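Student: Before we look at any particular site, could you show me how to read the surface and the empty space of a protein model?

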Amino acid sequence: GSIPSCRLTTSTLAKTSMSTFKEAIQERDFVLTAELKLARETGASDILEQAAILDRHTDAIQIPDNHNARVHMTPLAVASTLLKNEFEPLVQLTCRDRNRVALESEILSLGAMGVENLLLMRGDDLPGDHRPKVKQVFELGGKQLIELARALADDPTVKSVPDFCIGTVATVFNPKAAWTPRSLLTKVEAGARFIQTQLCFDVPTLRRYMNHLVEARLTWKASIIVSVATLPNAMTARWLRENLRGSVVPKKVIRRLQHARDPEKEGVMICTELLQEMAEVPGVSGAHLMTPGEVETVPAAILAAGLRNKTPETD
């Protein structure tokens, strides 16, 4: 079918009602989240413009936590901006840049402000040649961070913290026959309600990976959300393949973008095909769309995939 224009206006994407991400992972057949594109120069007006574009066809807007140690507004400040304008935030927090006190303070603050969704992870080690040179903390690991957030939510004396909907991360790969997802099971036992994978453009590998999660009954305990993206060109696809740890970007995807007359449109088409295929993979509960290119391409792919053509009232 034809692909909608990548240039969608904010007026056509105004959300008619607001439902929570926590409800969505329990009730929707296929959950959708999308990530803000943040940089040093991104301000509040830029955030709201992106949110207006992404919001109508997603269940939450994800706030990155300084990917690759690139400085931008803190997740706390971005979440505050979104909440004041009735957008549903899903906040990413990593252990790379904060010690236990800073992480606990951040979680308390997010909870008091009204944030209910957290994606908690250890975070990636920076390469030795990263500049400027950055001191990495890693006082806590991913499972410990989940336990910390869960303990705060369960503490009756901490009245400002809600019953967080906590997520963790995983990497899609081709497992051996005897492999079981022990690490993920322990994170679910610690309090994770959903698992978000790293970027995956390989559906056959995803199917084999998901077979093991289904066999381990992990999908009965947590929702599995697979990360995809609307790639703007072959150079971006190649960079993600080589530099984003755990990403699965086959060379055939890069070749498609290289040979495309309109790489951005081809990137939307690739993402559209992935979304349609992933919606049929047993155990997959939804998709998270990263934004390495123009933010407008994300709703274009969702619309083309036919996954969110209706408003929540008519679903």
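Tutor: Let us begin with the outside of this predicted model, where the accessible surface of the protein comes to about 14400 Å², and 50% of that area belongs to carbon and sulfur atoms.

Student: What percentage of the 315 residues is buried?

Tutor: Counting a residue as buried when its relative accessible area is under 20%, buried residues account for 53% of the 315 in the protein.

Student: Why does the radius of gyration agree with a compact globule?

Tutor: A compact globule of 315 residues would have a radius of gyration near 20 Å, and the protein has 19 Å, which is why the two agree. The C-alpha trace spans about 55 × 50 × 45 Å along its principal axes, and among contacts between residues at least 6 apart in sequence, 81% join residues at least 24 apart.

Student: How, then, should I read empty space?

Tutor: The general idea is that rolling a probe the size of a water molecule over the atoms shows where empty space is left. In this structure the largest pocket has a volume of about 1300 Å³, and of its 43 lining residues, His67, Asn68, Asp124, Leu244 and Met290 are the closest to its centre.

Student: Which element gives the largest share of the lining of the largest pocket?

Tutor: Helix H8 does, with five residues; the elements that give two or more residues to this lining also include strands E3 (89-94) and E8 (284-290).

Student: And the chemistry of the lining?

Tutor: The lining residues divide into 15 nonpolar, 18 polar and 10 charged.

Terms used. Residues are numbered from 1 along each chain as its sequence is written. This is a predicted model: local features need pLDDT of at least 70, side-chain atom pairs count only at pLDDT 80 or more; totals for chains, interfaces and linings use all residues. Side-chain values use heavy atoms; hydrogens and water are left out. On a 1 Å grid over the protein atoms alone, a cavity is a set of points where a 1.4 Å probe fits but cannot get out, and a pocket is an open set with protein on both sides within 12 Å along at least five of seven lines; lining residues have an atom within 4 Å of a point. Grid points are joined across faces, edges and corners, and a volume is the space filled by probe spheres set on the points. Helices (H or I, at least four residues) and strands (E, at least two) are DSSP runs, numbered from the N terminus. Ala, Val, Leu, Ile, Met, Phe, Trp, Tyr, Cys and Pro count as nonpolar, Asp, Glu, Lys and Arg as charged, and the others, Gly among them, as polar. The radius of gyration is taken over C-alpha atoms; the globule rule is 2.2 Å times the number of residues to the power 0.38. Buried means under 20% relative accessible area, exposed over 50%, partly exposed in between (1.4 Å probe, protein chains only). Contact means heavy atoms within 4.5 Å. Accessible areas come from the Shrake-Rupley method with a 1.4 Å probe; for residues, only the protein chains shown count as cover.
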